[in-house]
Amino acid sequence: MIDTIDREILKMLQQNARVSNAEIARQVRMAPSAILERIRKLEARGVIQGYEARIDPEALGLSLLAYIFVRTTDIGGELLTGEELARIEEVQEVHHIAGEDCFLVKARVRDARSLGRLLRERFTRHGGVVSTRTTIVLETLHETTRLPIDGAPEEGQPAETPAAAAAAEAGDADLLVLPAEAIHER
């Protein structure tokens with residue numbers, strides 16, 4: 001789990017991945033060597049998965065953002081087509097989704113012509129693609145990769161169930177929500 005100090009470290013790194021260990025140490029009032037050790041542990045546990053530079057897509061001429069719903073012939077839990085789509089350079093995200101479609105793909109390209117070529121030549125190259133439906137973004141009002149770190153459970157605390165969160169939000173103090181383990185113990 002993640003303790004309070006780890007949360008503060010993660011917040012600072014999310015805001016600026018180039019922040020120095022010395023600056024993090026100063027803000028959380030710890031030794032830089034202790035901060036370095038914590039960051040290494042967060043990396044080893046896979047909490048911190050990597051560091052990337054955010055680049056303005058417009059600066060590279062990639063002004064068209066599209067979300068593409070992809071239906072495939074993949075059976076059951078097969079993800080072969082999704083894995084192939086993820087290898088396409090213009091594809092930024094591939095999500096295996098529930099519903100009529102199988103995957104939701106986020107792609108950035110130069111223009112509508114490039115998008116058409118991507119769909120015709122690259123997506124259909126994979127024999128598993130049956131159909132696509134594309135939504136083009138007209139304007140992005142908010143986009144982030146930051147996660148709500150304060151929403152994660154503290155070390156030693158159980159994760160809040162959706163029912164408990166709904167009860168708390170509704171202000172229903174009389175509703176007692178027990179975890180599934182407690183119900184089975186009775």
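These exercises, each with a worked solution, concern a predicted model of a protein.

**Exercise 1. The overall layout**

Determine how many helices and strands the protein has, and in what order they come.

Solution.
- Start with the count. There are seven helices and four strands.
- Next, read along the sequence. The pattern is α-α-α-β-α-β-β-α-β-α-α.
- Then turn to burial. The protein has 186 residues, and 25% of them count as buried.
- Now take the surface. About 13,300 Å² is exposed, and carbon and sulfur atoms supply 51% of it.
- Finish with the contacts that have a separation of 6 or more. Residues 24 or more positions apart account for 65% of these.

**Exercise 2. The largest pocket**

Describe the volume and the lining of the largest pocket.

Solution.
- Begin with volume. The largest pocket holds about 1,600 Å³ of space.
- Go on to the lining. It has 36 residues, and those closest to the pocket centre are E52, R54, T144, T145 and R146.
- Assign the lining to elements. Helix 1, strand 2 (91–96) and strand 3 (103–109) each give two or more residues.
- Rank the contributions. Helix 1 gives the most, with five residues.
- Sort by residue class. The lining of the largest pocket divides into 16 nonpolar, eight polar and twelve charged residues.

**Exercise 3. The start of the chain**

Locate D3, decide whether D3 is buried or exposed, and find which backbone nitrogen lies 2.8 Å from a polar atom of its side chain.

Solution.
- Place the residue. D3 sits in the segment before helix 1 (4–15).
- Classify D3. Its relative accessibility is 18%, so D3 counts as buried. The cut-off for buried is under 20%.
- Look for the partner. The backbone nitrogen belongs to D6, at 2.8 Å from a polar atom of the D3 side chain.

**Exercise 4. A loop residue and its distant partners**

Find where I149 lies and which residues it touches beyond four places in sequence.

Solution.
- Locate I149. It is in the loop between strand 4 (129–136) and helix 6 (162–170).
- Check burial. I149 counts as buried because its relative accessibility is 12%.
- List the contacts. Not counting residues up to four places away in sequence, I149 touches R7, L10, K11 and Q14.
- Add a distance. I149 and D6 are 143 residues apart along the chain, and their C-alpha atoms are separated by 9.7 Å.

**Exercise 5. A positive phi**

Examine the backbone of R29 and say where R29 is found.

Solution.
- Recall the background. Most residues other than glycine have a negative phi.
- Compare R29. Its phi is positive, about 60°, although R29 is not a glycine.
- Place the residue. R29 is found in the loop between helix 2 (21–28) and helix 3 (32–44).
- Classify R29. At 77% relative accessibility, R29 counts as exposed. The cut-off for exposed is over 50%.
- Add a distance. The C-alpha atoms of R29 and I5 are separated by 9.8 Å, with these positions 24 residues apart along the chain.

**Exercise 6. A lysine in a strand**

Decide whether K106 is buried or exposed, and list its contacts beyond four places in sequence.

Solution.
- Locate K106. It lies in strand 3.
- Apply the cut-off. K106 has 8% relative accessibility, so K106 counts as buried.
- Collect the contacts. Leaving aside neighbours within four places in sequence, K106 is in contact with L65, A66, Y67, E90, V91, Q92, E93 and E143.

**Exercise 7. Around helix 4**

Set L85 beside T124: give the place, the accessibility and the C-alpha distance.

Solution.
- Place both residues. L85 is in helix 4 (residues 80–86). T124 is in the loop between helix 5 (112–123) and strand 4.
- Classify both. L85 counts as buried, at 0% relative accessibility. T124 is partly exposed, because its relative accessible area is 48%.
- Give the separation. T124 and L85 are 39 residues apart in sequence and 9.9 Å apart in space, C-alpha to C-alpha.
- List the contacts of L85. Beyond its neighbours within four places in sequence, L85 is in contact with V70, V91, V94, V105, F123 and H126.
- Check V70 again. The C-alpha atoms of L85 and V70 are separated by 9.8 Å, and the two residues are 15 residues apart along the chain.

Conventions
Residues numbered from 1 in each chain as written. Predicted model: local features only at pLDDT ≥ 70, side-chain atom pairs only at ≥ 80, totals over all residues. Heavy atoms only, no water. Buried < 20%, exposed > 50% of the residue type's maximum accessible area, 1.4 Å probe, protein only. Polar contact = N/O pair within 3.5 Å; in protein donor to acceptor, adjacent residues only side chain to side chain. 1 Å grid on protein atoms, 1.4 Å probe; cavity = no way out; pocket = protein on both sides within 12 Å on 5 of 7 lines; lining within 4 Å. Points joined across faces, edges and corners; volume = space filled by probe spheres on them. Nonpolar A, V, L, I, M, F, W, Y, C, P; charged D, E, K, R; others polar. Contact = heavy atoms within 4.5 Å. Areas by Shrake-Rupley, 256 points an atom, 1.4 Å probe, with all protein chains shown as cover.
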